[in-house]
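User: Hi! I'm new to this one, could you walk me through it?

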Amino acid sequence: MISHTSRIAPSHIALAAALGLAVTATPAIAEGNADEAAEDAAQPTGGAAQVEDDLHNRQSEDNIIVSASGLRELDVLAGTNVLEAPEIQREAVTGQIGELLTKIPGVSATSFAPGASRPVLRGQQGERVRVLVDGVGTADVSNTSVDHATTIEPITVERIEVLRGPAVLLYGSQAIGGAVNVIDKRIPTRMPEEDFHLDAFAGVDSASNLLTGAASLDVGFTDNLVFHVDGSWRDTGNVDIGGFQIAPELRQELLEEAAEKEADGEPAEAEEFRETAAQRGFIPNSDMRSWTVNAGLGLILGESTFGASLGYYDTNYGVIKRPGLKKEEEEEGGEGEAEEENVRIDLEQFRADFKGDIYLGDGAFERLKLRVGYSDYTHTEFEGPGEVGTVFDSTSVEARAELVQNAEGMLRGATGIQYLHRDFSAVGAEAYVPPNLTDQVAIFTLQEFGTGPIQIEAAGRAEFTDVEAQTLGIARNYDTFSGALGVVYERIEGIRIGLNGSRAERAPSAEELFSDGPHIATQAFEIGDPDLDTESALGLEAYARGSIGAGTFNLTVFKQWFDNYIFLEDAGFEEDGLPAFQYLQRDADFFGIEADFSYPVIDTGSFRLLTDLRGSYIEADLADGTAVPRIPPLSLLGALEAQTDAFDVRGEVQWFDDQDNVTTFETPTDGFTLVNAMVAWRPLADNRNVTVLVAADNIFDVNGRRHASFTKDFVPLIGRNFRASVRLSF
């Protein structure tokens, strides 16, 4: 199963990673014995390096809680889910992190193309969702446009944490909708128990002719110095789909266009439209390839650790064009139109990172956590073979420093400062955003008070943002203040009930302020507004989670009231042959429910049969009653999973409702159902270091489309897919 907050342990990992909290294992939570768990948590650990090592070697079904440093309960993380290595292997169908997380309640994906898919959290995407690497941003430009990939290779990571609710105040105003924090191993924080530690992964599939592999190696040079190196490679062909590529409504438009061309005496163009409408079985130009390499050094000095790493990410993938889309081009004697060539994106990123965890002793502050990330990012959009269209460059630095309080007193938590600098430019035919600089400084704190049945938690963040478009001579400054307050009640054994209130503010991004040009990815001419005000949201979140008998559950209900919600609206005219869309502000309301439940129907010790039920619902409307665009529909998932020491066998059904609550410029989306099956085999007795997995996804070859996707009408989800993979850890 995917770890979630109802299994209290995994949910606590998320903030532990952010604040550098020590982590230990105990069975007490699983047994519903809160007193015993608290007593275990109070015991001293073997130091930060030992704690990290324990976590690295522990399987996902163990119960993990936060120990004596930092916050003890962490209920401010009321919307958190954690995926560890076995779940990542199970769900890693594509190389993009958005697709990996879509079975978590409240999570969807942009699904722009197989090479570009970003997470959608509680209906929010783009500038309202931060994707992080160990607490700092990925420093790519995936937030700028849905056709831009995230620079993360999922099969090389150790753990993925999905944060929603007030906890995102730790990560910045751009996480007003939530954050995805990826924990990798490129900076070692522990000594390997062996002379060296090797992790490896290899996989194939049938629907895209996938070939992928990854490996990482940790070697102890001395008693306290560790060297790490990892790399990955992924190659796919065009993706198979279950039926027509084009949605029925758009296919009808193409056939009508073909009839008009025929009537106008243009049979060749009419045939092109008919062929496009008849395209089925696969998505042209959906192939991709990527490779990564990373190296790092870690220095472990007792309770303190220091480390640095260098990394490189490279990918080339297709951008699927909207059928029938033409581009204007100069012809002799006047203007003309030509068919769009296949667009490809060639992307590379060089990244350098530093991490420090300094033990301060038994005073008021126990630890100082330091984190710095530097990125030099470039991607080139090719409009045809060798034909450079637009080049995007982004250089950025992000740094964090956090003081973690000693947890022995009644007040526990952490306080920190964060700095971000981004220098962005785009040059070419589709450079719809001018060169711009963004500088941001923030201070934040997260505190917890109380040890009895009632605990109080509070978080605050002050952020100061400067955004400047140099070529336009425009600079905007924003001061934003966000806060959250939570109350937790734990009187019923094994069950925690909480209520969180928050008010978060977000400064507009450079894209929202300064866009002015054709954006082919969204099929729009986008127009920004340099006079946009701060966006703010008042939020209320109630949750209950814990265990009932042998089962675990999590239920969260949330509501957000946005003031000055920033969105793209149809302007009612065309520019450069594209419909014009402009950034506007209007109040908006979001409401949602997320739930999951797991129960062992049979548990004999050597055999378990688990039920796994999940569901989420989101509703979002603007103040004038129109729908917020691209809101995911109601979704439900039900699964049965049989577990033994050697085998796991899982069958699941994932159902998506119709989405017909749409705004004027988007089309409704039909519901669909996916049926999946998986067998995981651990061939080494009493050893989970080798896992062989065979899976069948979308067994009935359904043609499904994600409503959250800009390209849903011509980029359906992957069809029937048989996968096989092996994961090694020695």
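Analyst: Happy to; we can talk about the nonpolar cores and then some strand pairing.

Analyst: One thing up front: this is a predicted model.

User: Good to know. How many residues are in the largest nonpolar core?

Analyst: That core has 32 residues. Those with the most contacts inside it are Phe112, Tyr317, Val319, Ile320, Leu347, Phe424 and Phe714.

User: And which elements give two or more residues to this core?

Analyst: Two helices, α6 (248-263) and α7 (267-277), do so, along with the strands β17 (304-319), β20 (343-359) and β23 (411-428).

User: Tyr317 caught my eye. What is Tyr317 in contact with, leaving aside its neighbours within four places in sequence?

Analyst: Its contacts include Gly115, Ala116, Asp147, His148 and Ala149. Tyr317 also touches Asp287 and Met288, plus Val343, Arg344 and Ile345.

User: What other core lies apart from the largest one?

Analyst: There is another core of 21 residues, and Ile97, Val129, Val131 and Phe201 are among them.

User: Okay, on to strands. In which sense do β20 and β21 pair?

Analyst: They pair in the antiparallel sense, over 16 bridges. Tyr359, for example, has Arg367 in β21 as its bridge partner. Their hairpin has five residues between the strands, and Gly361 takes a positive phi near 100° there.

User: Then which strand do 18 bridges join to β21?

Analyst: That would be β22 (residues 387-405), which runs antiparallel to β21. Gly384 stands opposite Glu387 in β22.

User: How many residues lie between the strands in that hairpin of β21 and β22?

Analyst: Two, and Gly386 in this hairpin takes a positive phi near 75°.

Technical notes
Residues numbered from 1 in each chain as written. Predicted model: local features only at pLDDT ≥ 70, side-chain atom pairs only at ≥ 80, totals over all residues. Heavy atoms only, no water. Core = buried A, V, L, I, M, F, W, Y, C linked by side-chain atoms within 4.5 Å. Buried < 20%, exposed > 50% of the residue type's maximum accessible area, 1.4 Å probe, protein only. Helix = DSSP H or I, 4+ residues; strand = E, 2+ residues; numbered from the N terminus. Contact = heavy atoms within 4.5 Å. Pairing = 2+ DSSP bridges.
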